[in-house]
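User: Could you pick one side chain here and give me a close look at it, then work outward to whatever else is worth knowing? Informal is fine, I just want to follow along on the screen.

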Amino acid sequence: MSQQEASLAERVCQATSTLTDHWEAAEGYYVEACRVSHEDVPGLIEIVRNWTNLEFLASTTRGFRHDAELGLLPVTAWRTLGDLSAEAAVEPLIDLVRAGCEEDDDWVAEELPQVFRRIGKPAIPALMCVAGNRNEKEYVRLVAVRALSLLAQRNEDCRDSIVATLGDLMARAEDDQHSFNSLLLMELVDLKVVEAAEAIERAFAADRIDVGAMGDWERVRQDLGVVGLGLEMPESPHNSLNEIRALSGVGIFSKRILFPDGDIDRDAAQAYLDLAGKAFFESSEGKEVI
């Protein structure tokens, strides 16, 4: 390793100790913290490529005390690449997503969409290719869709092309892609893509959406503020909550969605608790406690 590469790794090490939970809101923070420029992009990419290679990461630093801290070195590196708007990092970062999908890596899934958002417009063509490629694993496509949604929010002049791509993906929704279709739906609703309403309704009617994720078409229709085509909906649509209920035995308590859009429905939660309490007190275990 050259002296320049070692110096870069040590600067990234120092910045790793200042990792912040709200880094995505601190524009340019890591460029200053790591004291880097565009000349350092290849070195930062090399650190990112070795996301899970602690032996390599250890060889780039001197005196790093804990493996847990060492493992965060690539996190600092990819955040820095985002702050540098490093176009050269797009393909290596997509490769990292592909590698992360083998373990459903939460760090990769949560952070790299924000990194692509920071890189900006140069990341859009590659992400569109990944999102639309059915040969890619679902995890990889989901990260690409999330990144495109963030880019549409950040770049108004790119919004039309991105939402057109996402809407086209919904129009081509497949029967065996419920998870992907449902996350795609969430992003379209979040972006208020009214022009995708027909494709969304048709996907619901064809039972290609998981109603356990965001609710049924009626709910989504209201969120988008559209009338709809009035298509007939399936009597028993795909619902991932049914599988959860079957595994946890909670189906006898409530059929209402407790956490729509990630927030708790207080009325549904109270109904659930009332029914669960009633079931407990009527059980042999409950009577024994009483």
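Analyst: Let's start at D176, which counts as exposed because its relative accessibility is 55%. Before going further, keep in mind that this is a predicted model. What does D176 pair with? The partner is R134, and the closest N and O atoms of this salt bridge are 3.6 Å apart. R134 sits in the loop between α9 (124-131) and α10 (138-154), while D176 sits in the loop between α11 (156-171) and α12 (178-190), so the bridge ties together parts that are 42 residues apart in sequence. As for R134, its relative accessible area is 41%, so it is partly exposed.

That bridge has company: a search of the whole structure turns up 13 salt bridges. Take R98 and D95, whose side chains meet with an N to O distance of 2.8 Å. Why are R98 and D95 separated by about one helical turn? Because they are three residues apart in helix α7 (residues 90-100). Are these two side chains buried, exposed or something in between? R98 has 29% relative accessibility, so it counts as partly exposed. D95 gets the label partly exposed too, since its relative accessibility is 40%. The pair also belongs to a wider arrangement, as D95, R98 and E136 are linked in a network of salt bridges.

For another bridge within a helix, go to helix α13 (residues 197-205), where E198 and R202 are four residues apart and therefore separated by about one helical turn. Their side chains meet in a salt bridge at 3.1 Å, N to O. E198 is at 43% relative accessibility, so it counts as partly exposed. R202 has a relative accessible area of 44%, so it is partly exposed as well.

Charges turn up over rings, too. R141 lies over the face of F180, and the distance to the ring centre is 4.0 Å.

Now for rings with rings. How many aromatic pairs does the structure hold? There are four. One of them is W51 with W78, a tilted pair with 4.8 Å centre to centre and 55 degrees between the planes. If you're wondering about the label, the planes would have to be over 60 degrees apart to count as edge-to-face and under 30 to count as stacked. The tryptophans come from distant parts of the chain: W51 is in the loop between α3 (41-49) and α4 (54-59), and W78 is in helix α6 (residues 73-83), 27 residues apart. W51 and W78 are both buried.

Compare that with F280 and F281, where the ring centres are 5.4 Å apart and the planes are at 65 degrees, so this pair is edge-to-face. F280 lies in helix α17 (residues 266-281). At 36% relative accessibility, F280 is partly exposed, and F281 is partly exposed at 48%. Which surface feature do these two phenylalanines belong to? F280 and F281 join V289 and I290 in a nonpolar patch on the surface, and together the four have about 450 Å² of accessible area.

Back to W78 for a second, since its helix deserves a look. Helix α6 is mostly covered, with eleven of its eleven residues buried. Among them are R79 and D83, along with L73, V75 and L81. Just after α6 comes S85, with a positive phi of about 50 degrees.

Another covered spot is S149, which lies in helix α10. Its relative accessible area is 0%, so S149 is buried. In sequence, S149 and L166 are 17 residues apart; in space, the C-alpha to C-alpha distance is 8.6 Å.

One last thing a bench person may ask about is cysteines. A disulfide is a covalent bond between the sulfur atoms of two cysteines. Using a cut-off of 2.5 Å between sulfur atoms, the count comes to zero disulfides. Where do C129 and C158 stand, buried or exposed? C129 counts as exposed because its relative accessibility is 58%. C158, on the other hand, has a relative accessible area of 11%, so it is buried.

Definitions and conventions
Residues numbered from 1 in each chain as written. Predicted model: local features only at pLDDT ≥ 70, side-chain atom pairs only at ≥ 80, totals over all residues. Heavy atoms only, no water. Phe/Tyr/Trp six-rings, centres within 6.5 Å; stacked < 30°, edge-to-face > 60°. Helix = DSSP H or I, 4+ residues; strand = E, 2+ residues; numbered from the N terminus. Buried < 20%, exposed > 50% of the residue type's maximum accessible area, 1.4 Å probe, protein only. Lys NZ or Arg CZ within 6 Å of the ring centre and 35° of its normal. Patch = residues over 30% accessible without salt bridge, like charges linked within 9 Å, V, L, I, M, F, W, Y side chains within 5 Å. Areas by Shrake-Rupley, 256 points an atom, 1.4 Å probe, with all protein chains shown as cover.
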